[in-house]
Structures are given as C-alpha cells and as structure tokens.
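Work through the following exercises with the sequence and the model side by side, and try each task before reading its solution.

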Amino acid sequence: MLDALAIVKKFKNLHRLLRNMVRLGSVVEVVGDRAVIQYQSGTRSPLIRWVSLAGAFSAWRAPSVGEQVVTLNYSGGDDETACVALVGLYSNAHPSKSQDPHQAHFRWDDFFDATVSDDGSLLVDLKTNIVLNAGQKIVIKAGQQIVMNAGNSINVSTSDYTRKASTATTEGVHTQKGKVDIKGALDVSTSVKTPAILSYAAGAFSMDSSGASISHAIITSCTVNGKSVDGHDHDGNVTPF
C-alpha cells in the first residue's frame, strides 16, 4: 500500500498538472509567431503559439504586450512548451473600444479604425494611405451617389478614359492638353478666347454638321481657302468668306 507521504506527493503533482492545464496570464514578449506569457503566479512560459486563423484562409495579428490571454496545455499540464494561448481578453491595459452590441469595431492604435454597424454601414478612418492593387478590375457601385473629396488633387492616369453621364458639370478652370474631338452640338454660353480669336460674345459661336458660324467676333488672324485676312471686324450673324 502507498504510504501517506506518497499519496500527498501524487496529489500535489496532480494538482500542479490540473493548475497548468488552463491558466490566465498576459503577454510580455512576442518573437515571430510565438509569445512569452507571464502568469499570475509570476512565472513565465517558454515561447508558445497563439490561436489564430491558419489554412487556405489565414489571418495574422500579433498580440500586444500586456494583452491578457488564457493558455491551454494539451499535454495534460506536464509540458510547458505544449501550450497555446487564446488571445484577446479585455483588460485594464487593453480595454474594449466599444460596448455597442450593434457594432463590430476594429482598431489598431491610433492609425486604423473601422466600424461596421448592423444597419449595413461601414466607417473606416486611416491616418495615412489606402492602397488597392487588383490584377484585373476594381468595381465600385453605389445605388445613389459616390462622393469624392480631396484636399489638394485627384489624379487619374490610364491609357483610355471614358466618362458617361446624362449631364456632366465641371466648375473651375479647365486645361486640356492634346487634341479635342467634339462629336455633337457645342453650346458656348459665355465669352471664349483663343490665340486667333480675341473674343466673342455669349452665344456668338455655333457649329453643326454644315460648319461653324461666328458673330460679333474680333478676329486677329484668319486664313480662308489659302487667303490670309487680318484685322477684320465682322458684325452680324454672317459667314464672312
């Protein structure tokens, strides 16, 4: 029969194993994809893995120093290296960023903040840049409106650019470099200046498939059918030549 001392020894060892199977601690060091956990007793674990998403769909998020975790020992509590950490417990060092049950909130320090609400809205705040890289296509669709506001500039660089709209309105100074082909009616509702035509009044210029007509215009240089005519002032809605 086992003596009392042996029974106490076995009981203490069993108690130690049970205590080591599930433990509460916090991250004190992260090295690669392993972390060192300090337990409430003051002891520390060796470098152990933490639970994440690994497979064809994977996610990487290293735990923060001070983040509270629960460790599970899958060796029955005997081998300290046979542990994994369940990360993400809220604590005084890392409290919850929101307590709204209608939102999912994602935050990384002060440079990334995303909130998804159960009304279908998404709000993303970034401190610096967003970069989207797609091998083929990026499609943005909105049922009603897309609004873009830039403090300084919006740059579009591509080999082919198509804009299709029932109506298009541009405010401000417009500069066009390169050839312009106009297929359709052109309505000029204010004065226009060119190097050859100093100015003409609103509505003075019209153009259709039969040609162009200018009225009340001051023309400084003009060549018609090889004939140069300078300094003419034509008043009236006529074709001068």
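## Exercise 1: Cysteine 83 and the nonpolar core

Leaving aside its neighbours within four places in sequence, cysteine 83 is in contact with Ile48, Arg49, Leu72, Asn73 and Tyr74, where contact means heavy atoms within 4.5 Å. This is a predicted model, in which local features need pLDDT of at least 70 and side-chain atom pairs count only at pLDDT 80 or more, while totals for chains, interfaces and linings use all residues. Residues are numbered from 1 along each chain as its sequence is written, and side-chain values use heavy atoms, with hydrogens and water left out.

Task: determine which residues make up the largest nonpolar core, and which strand gives the most to this core.

Solution. Begin with the term: a nonpolar core is a set of buried Ala, Val, Leu, Ile, Met, Phe, Trp, Tyr and Cys residues joined through side-chain atoms within 4.5 Å, and buried means under 20% relative accessible area, exposed over 50% and partly exposed in between (1.4 Å probe, protein chains only). The largest such core has 9 residues in all, namely Val27, Ala35, Ile37, Tyr39, Ile48, Trp50, Val69, Cys83 and Ala85. Strand E2 (34-39) and strand E5 (83-89) each supply at least two residues of this core, and E2 gives the most, with 3 residues. Strands (E, at least two residues) and helices (H or I, at least four) are DSSP runs numbered from the N terminus.

## Exercise 2: The aromatic pairs

Task: find how many aromatic pairs the whole structure holds, and state whether tryptophan 60 is buried or exposed.

Solution. Rings of Phe, Tyr and Trp (its six-membered ring) pair if their centres lie within 6.5 Å, with planes under 30 degrees apart counted as stacked, over 60 as edge-to-face and the rest as tilted. A search of the whole structure finds 2 aromatic pairs. Tryptophan 50 and tryptophan 60 form a tilted pair, 5.5 Å centre to centre with 45 degrees between the planes. This pair links distant parts of the chain, with tryptophan 50 in strand E3 (residues 49-50) and tryptophan 60, 10 residues apart from it, in the loop between E3 and strand E4 (68-73). Tryptophan 50 counts as buried because its relative accessibility is 10%, whereas tryptophan 60 is exposed, with a relative accessible area of 57%. Tryptophan 108 and phenylalanine 111 form a tilted pair as well, at 5.2 Å centre to centre and 55 degrees between the planes; tryptophan 108 counts as exposed at 57% relative accessibility, and phenylalanine 111 as partly exposed at 33%.

## Exercise 3: Aspartate 113 and its sheet

Task: place aspartate 113 in a strand, and give the order of the strands in the open sheet of 3 strands.

Solution. Aspartate 113 is in strand E7 (residues 112-117). The order of the open sheet is E6-E7-E8, with antiparallel pairing, where two strands pair if DSSP finds at least two bridges between them. Strand E6 (103-108) and strand E8 (122-126) are the edge strands, each pairing on one side only. E7 is joined to E8 by 5 bridges, and valine 116 has leucine 122 in E8 as its bridge partner. Not counting residues up to four places away in sequence, aspartate 113 touches His105, Phe106, Arg107, Leu123, Val124 and Asp125.
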